[in-house]
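Here are my notes on this model, set out as numbered points. Please read them with the structure open.

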Amino acid sequence: MSEKKIPYKIYLEEEEMPRRWYNVRADMKNKPAPLLNPGTLKPMTFEELRSVFCDELVRQELNDTDAYIDIPQEILDFYKMYRPAPLVRAYCLEKKLDTPAKIYYKFEGNNTSGSHKLNSAIAQAYYAKQQGLKGVTTETGAGQWGTALSMACSYFDLDCHVYMVKVSYEQKPFRREVMRTYGAQVTPSPSDTTEVGRKILSEFPGTGGSLGCAISEAVEAAGSREGYRYVLGSVLSQVLLHQSIIGEETKAALKKYNIKPDMIIGCAGGGSNLGGLISPFVGEKLRGEADYRIIAVEPASCPSLTRGKYVYDFCDTGKVCPLAKMYTLGSGFMPAPNHAGGLRYHGMSSVVSQLYDDGLIEATSVEQTAVFKAAEEFARVEGILPAPESSHAIKVAIDEAVKCRETGEEKTIVFGLTGTGYFDMVAYGKFHDGEMTDYVPSEEDLQKGFAGLPDVTV
């Protein structure tokens, strides 16, 4: 098909929108290691997990055999408010870079929450409502997940309590206010409202917090309230399942115009957007149907894949959650206070970790000033102010396009633009004022986190 017929934005028709989530675990020869009970070191059972998570979400978490799971109609109806999301050809960026590469990005910022997080938030809120729960608790780092969940809970008339990483709470007041507009209660974490929060504050006075801290508080809060459950915005297999709508749509849009990508790039924090984007393409690799170069991009200041250990670790700083086998920096790892680019979780999804360990995907890390420079370059030519998280993928996509210019190769690059950066202006301000610095943890810094890893032999 002639390239001239490919539009700037490729939209699927409503009837073309995927009706099922894709579960990549069904096609994985090496399944992700199971969650372990930290007391017995045995795989978590349905009964153990249902005390924390909604019943149907537990079933999805434990399901590694069904390749496809139907999306309930109520969730599909909600999706139709902002999906299908466009796959955009970055013609202006290509021209600016003077590259023969063809660059596409899947844009997930076309909703009030401003990110891909709404794809799973509405699913988790739906299952909580179906179970007859009163409300849910959660954590949020940059604020995208908390914003999305507050919207979803408002839609289903559920109570929502968000523990927001303190440094983000202070740097992103407008993100916080969007959550409150949708009825959520927002608490900076670590806080003095939970036992684990008070303990963390005593051990790390003045800390800006971490996702691990916020998870601990949210889990404790859910466990102390009748009719509440905890929900998580990344890392878990159930979340990657819901986010597969991104990859399924991307794959369908590419197929519509007979486009074959050479590489697929996504930012990586806990693994939700990356896993959602790449899952259908990894599935093709696993089944021997196609091959792609898949790149996970993480911040140099929180490099779980590129510098972490592949071991069992606690999912939270307070060590109240199950153990997960993942690439991790240790549940006690605290990102530097000057880390403004999001993606601050200490570990990586067990699914993504297994795929990386099996060599099906690769990983790289980038420093935040270079990330914001790439974000600015992208914004000036493509007309979208990207979220700092998404900009990690932009940075590497630009790097790969420049390599194509140097070699003359006409590769097709697809990356995930997971959200907009309009609530991240404090970070952009620091970049423009020259106040942003790069922090790369030393081996000594990493050893502090590794020292707290549990001794698990399975």
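1. Glutamate 400 and lysine 403 sit three residues apart in helix H16, about one turn of the helix. Their side chains meet in a salt bridge, 3.4 Å from N to O. The spacing suits a pairing along one face, because an α-helix has 3.6 residues a turn and residues three or four places apart point the same way. The model is predicted, so these are computed values.

2. Are the two partners buried or exposed? Glutamate 400 counts as buried, at 6% relative accessibility, which falls under the 20% cut-off. Lysine 403 counts as partly exposed, at 43%. The salt bridge of H16 therefore joins a buried acid to a partly exposed base.

3. Now the helix itself. H16 covers residues 388-407, 20 in number. From first C-alpha to last it reaches 29 Å, close to the 28 Å expected at 1.5 Å a residue. Of its 20 residues, 15 are buried, so H16 is largely enclosed by the rest of the structure. Glycine 408 comes just after H16 and takes a positive phi of about 80°.

4. The count of salt bridges comes to 25. One of them pairs glutamate 16 with lysine 256, at 3.1 Å from N to O. Glutamate 16 lies in the loop between strand S1 (9-10) and strand S2 (20-22), and lysine 256 lies in helix H11 (residues 237-256). The pair therefore ties together parts that are 240 residues apart in sequence. Glutamate 16 is partly exposed, with a relative accessible area of 33%. Lysine 256 is also partly exposed, at 33% relative accessibility.

5. A strand-to-strand pair deserves a look too. Arginine 293 forms a salt bridge with glutamate 362, and their closest N and O atoms are 3.0 Å apart. Arginine 293 belongs to strand S11 (residues 293-299) and glutamate 362 to strand S14 (residues 362-366), so the bridge ties together parts that are 69 residues apart in sequence. Arginine 293 is partly exposed, with a relative accessible area of 29%. Glutamate 362 is partly exposed as well, at 31% relative accessibility.

6. Which residues are linked in a network of salt bridges? They are Arg83, Lys106, Glu108 and Glu249.

7. On cysteines, the count of disulfides comes to zero. Cysteine 302 is in no disulfide, and the nearest cysteine sulfur, that of cysteine 213, is 12 Å away. Cysteine 302 counts as buried, at 2% relative accessibility. Why does cysteine 404 form no bond with cysteine 92? The sulfur of cysteine 92 is the closest cysteine sulfur to that of cysteine 404, but at 18 Å it is too far for a bond. The cut-off for a disulfide is 2.5 Å between sulfur atoms. Cysteine 404 is buried too, at 2% relative accessibility.

8. Next, enclosed space. How many cavities of 30 Å³ or more does a search of the whole structure find? It finds five. The largest cavity holds about 340 Å³ of space. It is lined by 27 residues, and the closest to its centre are Lys117, Leu211, Ser234, Gly270 and Leu343. Four elements give two or more residues to this lining: strand S6 (135-140), helix H6 (144-155), helix H10 (211-223) and helix H12 (272-286). The lining of the largest cavity divides into nine nonpolar, 14 polar and four charged residues.

9. The largest pocket should be viewed separately. Its volume is about 270 Å³. It has 17 lining residues, of which Pro32, Ala33, Pro34, Leu35 and Glu61 are the closest to its centre. The lining of the largest pocket divides into twelve nonpolar, two polar and three charged residues.

10. Last, a loop position. Tyrosine 182 is found between helix H8 (173-181) and strand S8 (185-189), in the loop. Tyrosine 182 counts as partly exposed, at 27% relative accessibility. Its C-alpha is separated by 15 Å from that of threonine 140, and the two residues are 42 apart along the chain.

Terms used
Residues are numbered from 1 along each chain as its sequence is written. This is a predicted model: local features need pLDDT of at least 70, side-chain atom pairs count only at pLDDT 80 or more; totals for chains, interfaces and linings use all residues. Side-chain values use heavy atoms; hydrogens and water are left out. On a 1 Å grid over the protein atoms alone, a cavity is a set of points where a 1.4 Å probe fits but cannot get out, and a pocket is an open set with protein on both sides within 12 Å along at least five of seven lines; lining residues have an atom within 4 Å of a point. Grid points are joined across faces, edges and corners, and a volume is the space filled by probe spheres set on the points. Ala, Val, Leu, Ile, Met, Phe, Trp, Tyr, Cys and Pro count as nonpolar, Asp, Glu, Lys and Arg as charged, and the others, Gly among them, as polar. The expected span of a helix is 1.5 Å times one less than its number of residues. Buried means under 20% relative accessible area, exposed over 50%, partly exposed in between (1.4 Å probe, protein chains only). A salt bridge is a side-chain nitrogen of Lys or Arg within 4 Å of a carboxyl oxygen of Asp or Glu.
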